[in-house]
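I opened my notebook today to look up a few things in a structure. Here is what I was looking at.

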Amino acid sequence: MNRFFRISAPVLAGALAATLTACSGKSPETAQTATAEPTTVAAPETKPGLSLSNGRLVLPAVSGNPAAAYFTLTNNSPKPVTVAAVDVAGSMMVMLHETKAEGGHSTMADLAPPVLKPGESVAFAPGGKHVMIHDVPAEWKPGGTAELTLTFADGDKLSAPLAIQAPGSQ
Ligand SMILES: [Cu+2]
């Protein structure tokens, strides 16, 4: 158990640093290095006890704007899990964000890596936690499917389809 956390901490820190760098838009090299690794897999990745449901991706109303993806993640494993990184096949700049209402307007910020205790679920939904996708491949059309992959702090991965929806869908 202790060894697990000692190993996972640097992995998590690295993922965090990469996310922050990508979000600032200052280091395109980092984003490209990340996509040099294979992002598509022949068989979907699974993590025992973890399930992802209601995955969907809402296209931007204006071409060039980011898309957003939503889902519900449930941890039915006996251990807590931490979502360390998120990836959507075909896109180079993907990050976890959270929208918060503050004094009549909403702001958006990087989301701290979500931790799910055994039995817990977390919902990514419009107006709250979301996956922000900054570069939207032209081939993404309503009715299509994109592949989401979550990487956990222990290195395990979980992939699931995202149903691509037209702009304005909830
Ligand atoms: Cu966002």
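My entries below go from the whole chain to the metal site.

**Entry 1, the model.** I reminded myself at the start that this is a predicted model.

**Entry 2, the elements.** I looked up the secondary structure and found two helices and 10 strands in the protein. Reading from the N terminus, I met α-α and then β-β-β-β-β-β-β-β-β-β.

**Entry 3, inside and outside.** I checked how much of the protein is buried: 36% of its 170 residues. The accessible surface comes to about 9,200 Å², and carbon and sulfur atoms hold 57% of that.

**Entry 4, contacts.** I took the contacts between residues at least 6 apart in sequence, and 69% of these join residues at least 24 apart.

**Entry 5, the copper ion.** Which protein atoms are the donors of the copper ion? I noted H97 (ND1), M108 (SD), H130 (NE2) and M132 (SD), at 2.0 to 2.3 Å from the ion. Along the sequence, these donor residues follow the spacing H-x10-M-x21-H-x1-M. I then placed two of the donors: H97 is in strand 4 (residues 94–102) and M108 is in strand 5 (residues 105–110), so this pair ties together parts 11 residues apart in sequence.

**Entry 6, the geometry.** Why is the arrangement tetrahedral? The four donor atoms around the copper ion subtend angles of 90 to 130°, and the cut-off asks for all angles to lie between 85 and 135 degrees.

**Entry 7, two donors and their cover.** Are H97 and M108 buried or exposed? H97 has 5% relative accessibility, and buried means under 20%, so H97 counts as buried. M108 has a relative accessible area of 44%, so I wrote it down as partly exposed.

Technical notes:
Residues numbered from 1 in each chain as written. Predicted model: local features only at pLDDT ≥ 70, side-chain atom pairs only at ≥ 80, totals over all residues. Heavy atoms only, no water. Helix = DSSP H or I, 4+ residues; strand = E, 2+ residues; numbered from the N terminus. Buried < 20%, exposed > 50% of the residue type's maximum accessible area, 1.4 Å probe, protein only. Contact = heavy atoms within 4.5 Å. Areas by Shrake-Rupley, 256 points an atom, 1.4 Å probe, with all protein chains shown as cover. Donors = N, O, S within 2.8 Å, 3.2 Å for Na, K, Ca; no water. Tetrahedral: all angles 85-135°; square planar, octahedral: opposite > 155°, others 65-115°.
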